[in-house]
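Q: I'm new to reading protein models, and I'd like a close look at one part of this one. Could you walk me through the aromatic rings and what surrounds them?

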Amino acid sequence: MKRKISLLLLLFAFIFTIQNFAQSVNKERIPLEHGAHRLGKRTDAAMQHWRKYGLGQFIHWGVYAIPGGQWDGKNYMGAAEWIRSWSGMPKQDYDNLYKQFNPVDFDAVKWAKQAKQMGAKYLIFTTKHHDGFCMWPSNYTDYTVANTPYKKDIVKALVDAYTAEGIDVYLYFSIIDWNQPGYRSVVKTETDKAEYEQFKQFTRNQLIELLTNYPQVKGLWFDGSWDKAWIEQAAWVDALGEELRSIRPGLIIGSRFRADDTGKRHVDANGDLIDDYDQRFERNLPANLKEVGGNDWECVMTIPENQWGYHRDWSWSYVKTSDDLIEMMAKTRSLDGNFVINFGPDGKGNIRKEESDIAKSIGKWLSINGNAVYDVQHSLLEKQDWGYSTQKDHKIYLTVFNKPANNLVRVKLPKSKTEGMIYVIGKAQFLLNQQPARIKGNGKPATYFRDKFGNSYYDIILPKAVQKCTQAFVIELELKEIDKKDLDNYQQAII
Ligand code: FHN
């Protein structure tokens, strides 16, 4: 019997070893020439600055703003900037829209001032969407703003106005171009191949042109790079990326530009992020830091369900409120990302009232609570039911989105990493207006306690003024690491 058990154990040990060996072989890195060119985050000044932004503004604007999702009496429920490809609108009608493009109300300075008031630190602007219409006077096609009744360079106006307000500018550029004869989503024949080569050169020329014309831009924001034809050009696209970076040192490019040698996008076949930050979280937020995978990342978000360009009719989908967006922004920041809110101005150049109201309301909230959003990272605290937390040095910002019904915010403190030390709150205050208010807790102290598992907590009783708050509010804490024996002195430290 004993012998049988020993043999069985030996067999298990053998299977275990083989499994481990197989796993370690699998873990071997796949040699890639065009995968990630760096492991871990970029550490240069440009990228460190990008990390501090917190909030950005996206603007989708082009000739699709003229129909605004409606044509010939019909409402097209899909994304308004795609109307050219929905069955119903004749392509010829769409391709002639530019002859009517005359946004007489467009005022770049007004937009930039509004973005600043909202608290945006960067702009992403659609220089060219999938329809191929260029918002700048490109030398490489006639399908540009220069040939509209408006004539003027919109990209220049925006780059100048936003830069003047201290808002960094990034240029959105679609790889898909429905207007170019050489464009293909798939290359099948020799003719396709030859024409696609011309399209590649055209794309390269336009990108170099954009970087040359607008030297202030900080980065390029690519879209439509999911085409099989583009994915197959990994080596060429990689070289183009290098060329663009050499034209503008510090240039920031997200993970939507190029695929690796095996066709993988965003992260390469070894699981490493391609280029500077992860763009996968469009209209979605990661659940936790694990999903973020230690990468820089950004979430671009629409206000209605899925409309980027101007759509006249927002009645058929849920329209996010400023509170929805504030919660998403707080969550994004607690997970080390940047949050970007999309605006879709109309064909005349007006920003719709709903968007302006949101900009105002977010701006008001940020003017009080901006410390919790700008230049912060995820905090030492674990995720807790009341909301989200961020940190800068020893300051921790709690964005309380779910105000507890008992008006008591219980903060679970992190475990100190230093032997014999413990974290306590040295000071806490509510950011209720421009002048932070010290916590007075209705005369009751906020109390510290430890549970039987050794976890420590602070219970913060909300003062009357905060109890009345109908929006998310922020509590600023200052954490101190102290010796356990000194704990008694800190029991009432936040009063
Ligand atoms: O197809 C586009 C869409 O119209 C919009 O521009 C968004 C913005 O991120 N990008 C594509 C969809 O992922």
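Let me start with one residue: is tyrosine 170 buried or exposed, and what is its relative accessibility?

A: Happy to help! Keep in mind that this is a predicted model. Tyrosine 170 has a relative accessibility of 2%, so this residue counts as buried.

Now let's look at its partner. The ring of tyrosine 170 pairs with the ring of tyrosine 53: the two centres are 6.2 Å apart and the planes meet at 85 degrees, so the pair is edge-to-face. To be called edge-to-face, the planes must be over 60 degrees apart. This pair links distant parts of the chain, because tyrosine 53 sits in the loop between helix 2 and strand 1 (55-59), while tyrosine 170 belongs to strand 5 (residues 168-174), 117 residues apart. Tyrosine 53 is buried too, with a relative accessibility of 3%.

Those two rings have plenty of company, since a search of the whole structure finds 26 aromatic pairs. One of them joins tryptophan 50 and tyrosine 277, with 4.6 Å from centre to centre and 35 degrees between the planes, which is a tilted arrangement. Where do these two residues come from in the chain? Tryptophan 50 is in helix 2 (residues 45-52), and tyrosine 277 is in the loop between strand 7 (252-253) and helix 9 (289-292), so the pair ties together parts that are 227 residues apart in sequence. Both tryptophan 50 and tyrosine 277 are buried.

The loop that holds tyrosine 277 also contains arginine 280. With 39% relative accessibility, arginine 280 counts as partly exposed. If you would like a sense of distance, the C-alpha atom of arginine 280 is separated by 32 Å from that of threonine 189, and the two residues are 91 apart along the chain.

Rings can also gather in groups. Here, ring pairs link Trp61, Tyr98, Phe101, Phe106, Trp111, Phe133, Tyr143 and Tyr150 into a cluster.

Rings can have charged neighbours as well. The charged end of arginine 352 sits over the ring of tryptophan 314, at 3.8 Å from the ring centre. In a second example, the charged end of lysine 383 sits over the ring of tyrosine 388, and here the distance to the centre is 4.5 Å.

Next comes the ligand. It is surrounded by 13 residues, and the closest are His60, Glu81, His129, Asp223 and Glu282. The shell divides into six nonpolar, three polar and four charged residues. An aromatic residue takes part here: a polar side-chain atom of tyrosine 172 lies 3.4 Å from an oxygen atom of the ligand. For histidine 130, a polar side-chain atom is 2.8 Å from a ligand oxygen. For glutamate 81, an N or O atom in the side chain is 2.5 Å from an oxygen atom of the ligand. Taken alone, the ligand exposes 330 Å², and the protein buries 89% of that.

Finally, let's step back to the whole chain. It has twelve helices and 18 strands, and 52% of its 495 residues count as buried. Its C-alpha atoms fill a box of roughly 75 × 75 × 45 Å along the principal axes. So when you turn the model, you could begin with tyrosine 170, which counts as buried, and then look for its edge-to-face partner, tyrosine 53.

Definitions and conventions
Residues numbered from 1 in each chain as written. Predicted model: local features only at pLDDT ≥ 70, side-chain atom pairs only at ≥ 80, totals over all residues. Heavy atoms only, no water. Phe/Tyr/Trp six-rings, centres within 6.5 Å; stacked < 30°, edge-to-face > 60°. Helix = DSSP H or I, 4+ residues; strand = E, 2+ residues; numbered from the N terminus. Buried < 20%, exposed > 50% of the residue type's maximum accessible area, 1.4 Å probe, protein only. Lys NZ or Arg CZ within 6 Å of the ring centre and 35° of its normal. Near = heavy atom within 4 Å. Polar contact = N/O pair within 3.5 Å; in protein donor to acceptor, adjacent residues only side chain to side chain. Areas by Shrake-Rupley, 256 points an atom, 1.4 Å probe, with all protein chains shown as cover. Nonpolar A, V, L, I, M, F, W, Y, C, P; charged D, E, K, R; others polar.
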